[in-house]
Amino acid sequence: MTHYLKKASTPAGVDSDTSRSVRDTVSAVIADVRTRGDAAVREYSQKFDKWSPESFQLSDRQIADIVASVPEQALLDIKTVQERVRTFAVHQRNSLSDFEVETEPGVFLGQRNIPVSSAGAYVPGGRYPLVASAHMTVVTAKVAGVQRVTACTPPIRGEIPAATVAALHMAGADEIFLLGGTQAVAALALGTETIGKVDMLAGPGNAYVAEAKRQLFGEVGIDLFAGPTEVLVIADEHADPFVVAVDLLSQAEHGPDSPAVLITTSESLGRQVIEHIDGLLVDMPTADFAAPAWRDHGEVVLVADLDAAYRLADRYASEHVQVLTADPRQALDKMRNYGALFLGEGTCVSYGDKVIGTNHTLPTRGAANYTGGLWVGKYLKTVTYQEVTDPAASAALGRLCGRAARVESFEGHARSGDVRAHKFGGDELPWAG
C-alpha cells in the first residue's frame, strides 16, 4: 500500500526552456574564457556581478584585514567546525592504505593513493553565502594532500564576504579569488594568464555553476554532478510531527526547486506535518524559497510498514535521509541508496550541512544509486604498479600472455609476451626470422 497525502506537482529534474538557456549561456562563457582568458573573465564578472577590481586575487594583506574584520565568535565557530571536518577527514584518509602483495613468487602487485596536484574550490555567494562549503572543500582537499588549492567565491552585492574569505584562509586555501559564476569555474578548469589551471573542481553552486562543471568534466575532474538540495524523512508514529515539519522546511529553503519528502507509516502524523508546514510558512523569513519548493516538490507518502518505507526511500535515492523512528539505526542495514543518513531526533540534516563534521557535498537527482558524496578519496587517484623480478615467473606470464592475446587477435601484445618467454625461458621466436 502506497498512498500520497501530498504529491509533487512538478517532477524534479525535468528539462525546460530555462535549463536549455542555462546550457547555452554556460557554453558561450566557457568558449569565450577558453579564447580570451582574463579579458573574458573580467567582462563576465562585471556583467553578472558588477565586480571588476584591479586584481581578483586577494593579497596576503587583504586577507589579513578581512579576517580581522570578522567577529571573534564567528572565527572561533569556524575554527571549531573546521576541526570537526578535519578530524573526520583524517579518519577517512587513514582508512585508505597503500599496499604491495607478492601474488606468486617474484610477482609483485601494489596500490598507491596519490592526491591530485591541484584543486579548485568553489564557494557560492548570492543570497546564501555558504561559509561551510569552504570547510568541506578546502579542509578535505588539504587532508588528502593536495598541494595547491585555489578557492573562488563571488562578491555579494558588491561586498566582500568576509566570513567566507576567513573560512577559506583558515581552511588552508593557497590562493583566494573574489570571483564567481561560470567565469570562475571556467577560469579554474582552463587556466588564464593569472589563474592557474587545476586538476579537479569541487563545491556547490547555482544552476550555471553546476552546468559549467558538467560541461568541463573530462578536461578536469569534478566532485559531483550537482542538482537542487533534497531531503527525505522516514517517520513512524513515534516521531514528533512538529520536528518533522521544521526539518523538511530547513532544506526546502535552499531553493524553490528543492524536493522535500516525508515517507511515513502513520497517516495521522503525515496530516499533522502538512498542517504544521502550512502554519510555519506563514511567517518563515525564507518562505519565498521554501513555500514554492514545498508546493511544487513536496510529498507526503503513506506506506504500510517501515520495510516498505525503506524500499521506497531507496528508490528516491535522496541526498539527505533523516530517520525519525523508534529504532533509527535499523536504516543502516535496510537502506543502500542515500547521500547521508541522519539517525534519530537528536540529529538533523542542518547539523550535517553546517557543524557536525561529515561532508555536506552529496549526490542529488538519483546519483546516490552509484556514488557517495565528497570525501578525501575524491581528491585521491588510486593507482597500481607491477613488478616481476623472477625470470621463471616472467617467462610463464609471457607464454600465458601470448596465448591470451592471440585469442583476441592482438599479435603485438602476444609478441611482448613472447620476447620475455624467449629471454627468460629460452622459448623460440619463430616470427622474428
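Two strands count as paired if DSSP finds at least two bridges between them. Strands (E, at least two residues) and helices (H or I, at least four) are DSSP runs, numbered from the N terminus. The model is predicted: local features need pLDDT of at least 70, side-chain atom pairs count only at pLDDT 80 or more, and totals for chains, interfaces and linings use all residues. Residues are numbered from 1 along each chain as its sequence is written, and side-chain values use heavy atoms, with hydrogens and water left out.

**Exercise 1. The open sheet**

Task: Give the strand order of the open sheet of 5 strands, and find its edges.

Solution.
- Start with the order. It reads S6-S5-S4-S7-S8, and the pairing is parallel.
- Go to the edges. Strand S6 (175–178) and strand S8 (221–222) each have a single partner strand, so one side of each lacks a neighbour in the sheet.
- Check one pair. Strand S7 (residues 200–202) joins S8 in the parallel sense over 2 bridges.
- Set the register. Met 200 is opposite Gly 221 in S8.
- Recall the chemistry. Strands of a sheet pair through backbone hydrogen bonds, either parallel or antiparallel.

**Exercise 2. Positive phi**

Task: Place Arg 157 and Ser 409 in their loops, and classify their exposure.

Solution.
- Fix the classes. Buried means under 20% relative accessible area, exposed over 50%, partly exposed in between (1.4 Å probe, protein chains only).
- Take Arg 157. Its phi is near 50 degrees, a positive value in a residue other than glycine.
- Locate Arg 157. The loop runs between strand S5 (148–153) and helix H6 (162–171).
- Classify Arg 157. Its relative accessible area is 73%, so it is exposed.
- Take Ser 409. Its phi is positive, about 65 degrees, although it is not a glycine.
- Locate Ser 409. It lies between helix H15 (391–407) and helix H16 (411–425), in the loop.
- Classify Ser 409. At 65% relative accessibility it counts as exposed.

**Exercise 3. Salt bridges**

Task: Count the salt bridges, then work through examples.

Solution.
- Apply the rule: a side-chain nitrogen of Lys or Arg within 4 Å of a carboxyl oxygen of Asp or Glu. The count is 16 salt bridges.
- Glu 83 meets Arg 86 at 2.6 Å, N to O. Both sit in helix H4 (residues 72–94), 3 residues apart, about one turn of the helix. Glu 83 is partly exposed at 40%. Arg 86 is partly exposed at 24%.
- Glu 267 bridges to Arg 271, with the closest N and O atoms 3.0 Å apart. Both belong to helix H10 (residues 267–280), 4 residues apart, about one turn of the helix. Glu 267 has 37% and is partly exposed. Arg 271 has 40% and is partly exposed.
- Asp 296 pairs with Arg 295, the closest N and O atoms being 2.9 Å apart. Asp 296 is buried at 18%, whereas Arg 295 is exposed at 53%.
- Finish with a network. Arg 406, Glu 411, Arg 415 and Asp 418 are joined into one by salt bridges that share partners.

**Exercise 4. The negative patch**

Task: List the residues of the negative surface patch, and name the element that gives the most to it.

Solution.
- Fix the rule. Patch residues have over 30% relative accessible area and no salt bridge, and like charges are joined within 9 Å.
- List the residues: Glu 100, Glu 102, Glu 104 and Glu 387.
- Name the element. Strand S2 (residues 99–104) gives the most, with 3 residues.
- Inspect one residue. Glu 102 is in strand S2. At 45% relative accessibility, Glu 102 is partly exposed.

Terms used: Patches are made of residues with over 30% relative accessible area and no salt bridge: like charges are joined within 9 Å, nonpolar side chains (Val, Leu, Ile, Met, Phe, Trp, Tyr) within 5 Å. Accessible areas come from the Shrake-Rupley method with a 1.4 Å probe; for residues, only the protein chains shown count as cover. Lys and Arg count as positive and Asp and Glu as negative; His and the chain ends are not counted. The place of a charge is taken as NZ of Lys, CZ of Arg, CG of Asp or CD of Glu.
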